[in-house]
Amino acid sequence: MRAPNPQLSVILPVYNECDNLRPLLTELEAALTACGRTFEVIAIDDGSRDGSTLLLDQLVKEKRYLRAIFFRKNAGQTAEFDAGFRHASGEDVVTMESDIQNDPADIPKMLAVLDQGYDFVAGWRRNRKDGFFLRTFPSKIANWVIRKVTGTKIHDLGCSLKVYRRDIAMELRLYGEMHRFIGVLVEGLGARVAEFEVNHRARV
């Protein structure tokens with residue numbers, strides 16, 4: 001039912017997000033339609049146990065743009081992103097969280113940056129809406145260490161909201177916990193990289 005050869009693929013990792021899926025897809029529809037591009041959304045269910053699997057199965061029947069991949073057990077975000085890349089058909093690829101902390105309204109803006117001649121645009125949660133001691137502070141330390149070790153200029157390596165040219169996404173082969181180093185890996189491929197300050201929302 002999806003449009004053939006969509007111009008944009010959105011990869012959406014899902015793990016126990018039953019209450020967030022429908023509202024997120026509503027926001028995504030509005031944001032992606034505003035882009036004026038044909039699109040698909042690929043949801044990867046990572047062995048959810050809260051009803052997300054059944055809901056996705058239902059939503060696929062309702063939403064012509066939605067595709068779903070179901071893991072038998074929890075494999076982690078790296079495996080989800082890698083599966084999404086392998087199944088994406090769009091000329092450009094977007095990755096994002098399904099917990100509604102990433103704002104779909106940022107996607108058209110990031111695509112506009114990509115169209116300025118870049119291969120990859122990394123989201124930067126400069127004003128994070130997470131707990132400081134449990135999430136924000138450890139993330140800042142980890143980002144600082146990785147920048148020192150790898151020489152990357154990307155400030156927020158943990159932000160899942162990213163936009164890729166298809167050829168860059170297809171070259172990535174991810175395993176383990178490599179989703180945390182996607183920005184570094186992309187730089188290693190010689191990609192032209194930009195950052196974009198995204199709207200980060202409180203966890204629901």
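This short presentation covers the cores, salt bridges, cysteines, surface and backbone of one predicted model.

Good morning. I shall begin with the interior. The largest nonpolar core has 33 residues, and within that core Leu-28 and Val-41 touch the most other members. Several elements each supply at least two of its residues: strand S1 (8–14), helix H1 (18–35), strand S2 (39–45), helix H2 (52–62), helix H4 (106–114) and strand S7 (193–197). Helix H1 gives the largest share, with 6 residues.

Which residues does Val-41 touch, once those up to four places away in sequence are set aside? The list consists of Val-10, Leu-12, Leu-25, Leu-28, Leu-32, Tyr-65, Leu-66 and Arg-67. Apart from this core there is a second, separate one of 25 residues, with Phe-85, Tyr-164, Leu-174 and Ala-191 among them.

I turn now to the charged pairs. The structure as a whole contains 16 salt bridges, and I have chosen three for discussion.

The first pair is Lys-63 and Glu-29, whose closest N and O atoms are 2.8 Å apart. Lys-63 sits in the loop between H2 and S3 while Glu-29 belongs to helix H1, so this salt bridge ties together parts that are 34 residues apart in sequence. Lys-63 counts as buried because its relative accessibility is 16%, whereas Glu-29, at 25%, is partly exposed.

The next pair is Asp-103 and Arg-201, with closest N and O atoms 3.8 Å apart. Asp-103 is in the loop between strand S4 (92–95) and H4, and Arg-201 is in the segment after S7; the salt bridge therefore ties together parts that are 98 residues apart in sequence. Are these two residues buried or exposed? Both Asp-103 and Arg-201 are buried.

The last pair is Arg-165 and Asp-115, where the closest N and O atoms are 3.4 Å apart. Because Arg-165 lies in strand S6 (residues 162–165) and Asp-115 in the loop between H4 and strand S5 (120–124), the pair ties together parts that are 50 residues apart in sequence. Arg-165 is partly exposed, at 21% relative accessible area, and Asp-115 is also classed as partly exposed, at 46%. These two residues belong to a network of salt bridges that links Arg-37, Asp-92, Asp-115 and Arg-165.

Some of you will wish to know about the cysteines. A disulfide is a covalent bond between the sulfur atoms of two cysteines. How many disulfides does the model contain? The count is 0. For Cys-159, the nearest cysteine sulfur is that of Cys-35, at 17 Å, and Cys-159 is in no disulfide. Since its relative accessibility is 0%, Cys-159 counts as buried. Cys-18, by contrast, is partly exposed, with a relative accessible area of 24%.

Next, the surface. Ile-141, Val-145 and Val-149 make a nonpolar patch of about 270 Å². Of these residues, Val-145 is located in helix H5 (residues 132–150), and its relative accessibility of 38% makes it partly exposed.

Where is Lys-73 placed? This lysine is in the loop between strand S3 (66–70) and helix H3 (77–87). It counts as exposed because its relative accessibility is 63%, the cut-off being over 50%. Beyond its neighbours within four places in sequence, Lys-73 is in contact with Asp-46 and Gly-47. Lys-73 and Leu-59 are separated by 14 residues in sequence and, C-alpha to C-alpha, by 21 Å in space.

Finally, I should like to draw attention to two points in the backbone. Most residues other than glycine have a negative phi. Asn-16, although not a glycine, has a positive phi of about 55 degrees. Asn-16 lies in the loop between S1 and H1 and is partly exposed, at 30% relative accessibility. Ile-100 is also not a glycine, yet its phi is positive, at about 70 degrees. The loop between S4 and H4 holds Ile-100, which counts as buried, with a relative accessibility of 12%. Asp-103, from the second salt bridge I described, is placed in that loop as well.

That concludes my presentation, and I thank you for your attention.

How values were computed. Residues are numbered from 1 along each chain as its sequence is written. This is a predicted model: local features need pLDDT of at least 70, side-chain atom pairs count only at pLDDT 80 or more; totals for chains, interfaces and linings use all residues. Side-chain values use heavy atoms; hydrogens and water are left out. Patches are made of residues with over 30% relative accessible area and no salt bridge: like charges are joined within 9 Å, nonpolar side chains (Val, Leu, Ile, Met, Phe, Trp, Tyr) within 5 Å. Accessible areas come from the Shrake-Rupley method with a 1.4 Å probe; for residues, only the protein chains shown count as cover. A salt bridge is a side-chain nitrogen of Lys or Arg within 4 Å of a carboxyl oxygen of Asp or Glu. Helices (H or I, at least four residues) and strands (E, at least two) are DSSP runs, numbered from the N terminus. Buried means under 20% relative accessible area, exposed over 50%, partly exposed in between (1.4 Å probe, protein chains only). A nonpolar core is a set of buried Ala, Val, Leu, Ile, Met, Phe, Trp, Tyr and Cys residues joined through side-chain atoms within 4.5 Å. Contact means heavy atoms within 4.5 Å. A disulfide is a pair of cysteine sulfur atoms within 2.5 Å.
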